[in-house]
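Biologist: Please take one part of this model and go through it closely, from the aromatic side chains outward to whatever they connect with. I would like the numbers along with the reasoning.

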Amino acid sequence: MTDTILLAAILIPCLIVAIVFHEVAHGWVALMLGDPTAKEQRRLSLNPIRHVDPVGTLLVPGALALFGGPIFGWAKPVPVRHDRLDNPRFGMMAVAAAGPGTNILLALIGAVVLGLAIRIGIVPAEAPPEWLMMAFTYFMLINIFLALFNLLPIPPFDGSHILGGLLPRRWAHHWQRLQGMGMAFFVVLIAITWAFPNSGLIENTIGPPVDWAMDQYLAIAGAIAGE
């Protein structure tokens, strides 16, 4: 029970930070590119209450973590209207890329802070507290996973919007129609994950790049720490 409470105490803040910053980044980039919809609906706040979806942000990822599944989740999407963007084609690509890009940056910040904390002695290099190392590890891992997971080029993920902007215009129109089926794709993905927890569907798809990226961030932390 104690281990479960500790895991929840670490996972929940990490998930909230990763998901909230991800969504706010979408809104800020949309605003900079001409669409103030998120600002008008007060979604540019870092207040998690404005973004957290009780099921997608807490229940689903928490349950997946406790049952040993891949950790992913979602928040209430930040509203973006492509018709209000100065350049809708480029704008939607930039808005979509902002979320994963922010998670990649957050993971880097986590690695740098960990390295500095070890270097200046706040965290003992030889015997760092297990809970603290777990917190840094999960913070980086969740942000890396969320970034790469959202870059998958299937609706409704950010990668699908980036791909749509890269496709020739005659194909992009048909691709855009698939975006309307995005939630159906997502529900099917969750159902498969729950029904076949040992299938390794998500782990085998983005597990290797997540592991590789995690190794790079830990190497950065180690280099800063002087190891």
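Modeller: Phe149 is buried in this predicted model, since its relative accessible area is 3% and the cut-off for buried is under 20%. The ring of Phe149 pairs with that of Phe157: the centres are 4.8 Å apart and the planes stand at 50 degrees, so this pair is classed as tilted. Phe157 is buried as well.

Phe149 has another ring partner, Phe145, and here the pair is stacked, with 5.6 Å from centre to centre and 15 degrees between the planes. Phe145 and Phe149 are about one helical turn apart, because they are four residues from each other in helix H5. Phe145 also counts as buried, because its relative accessibility is 11%. The count of aromatic pairs comes to two, and ring pairs join Phe145, Phe149 and Phe157 into a cluster.

The helix that carries Phe145 and Phe149 is H5, which runs over residues 130–150. Its 21 residues should span 30 Å at 1.5 Å a residue, and the C-alpha atoms at its ends are 30 Å apart, so the expected and modelled spans agree. The buried residues of H5 include Leu132, Phe136, Phe139, Met140, Ile142, Ile144, Leu146 and Ala147. Asn143 and Asn150 are also on the buried list for H5.

Phe149 then leads into the largest nonpolar core, which has 21 residues. Phe149 is among the residues with the most contacts inside this core, together with Leu114, Met140, Ile144, Ile206 and Tyr217. Helices H4, H5 and H9 (201–225) each supply at least two residues of the core, and H9 gives the most, with seven residues. A second core, separate from this one, has twelve residues, among them Leu7, Ile10, Ala18 and Ile19. As background, nonpolar side chains in soluble globular proteins tend to be buried together.

Not every nonpolar side chain is covered, however. Leu105, Leu108, Ile109, Val113 and Ile220 make a nonpolar surface patch of about 370 Å². Helix H4, residues 88–119, contributes the largest share of the patch, four residues. Leu108 is in H4 and is partly exposed, because its relative accessible area is 32%, between the limits of 20% and 50%.

The charged contacts lie elsewhere in the chain. There are three salt bridges by count. In one of them Arg84 meets Asp35, with 4.0 Å between the closest N and O atoms. Arg84 sits in the loop between H3 (54–66) and H4, and Asp35 in the loop between H1 (2–32) and H2 (37–40), so the bridge ties together parts 49 residues apart in sequence. Asp35 is buried, because its relative accessible area is 0%, whereas Arg84 is partly exposed at 27%. Arg84 also bridges to Glu40, where the closest N and O atoms are 3.1 Å apart. Glu40 is in helix H2, and this pair links parts of the chain 44 residues apart. Asp35, Glu40 and Arg84 are thus linked in a network of salt bridges. A further bridge joins Arg81 to Asp83, with 2.7 Å between the closest N and O atoms, and Arg81 is partly exposed, with a relative accessible area of 41%.

Terms used
Residues numbered from 1 in each chain as written. Predicted model: local features only at pLDDT ≥ 70, side-chain atom pairs only at ≥ 80, totals over all residues. Heavy atoms only, no water. Patch = residues over 30% accessible without salt bridge, like charges linked within 9 Å, V, L, I, M, F, W, Y side chains within 5 Å. Areas by Shrake-Rupley, 256 points an atom, 1.4 Å probe, with all protein chains shown as cover. Salt bridge = Lys/Arg side-chain N within 4 Å of Asp/Glu carboxyl O. Buried < 20%, exposed > 50% of the residue type's maximum accessible area, 1.4 Å probe, protein only. Core = buried A, V, L, I, M, F, W, Y, C linked by side-chain atoms within 4.5 Å. Expected span 1.5 Å × (residues − 1). Phe/Tyr/Trp six-rings, centres within 6.5 Å; stacked < 30°, edge-to-face > 60°.
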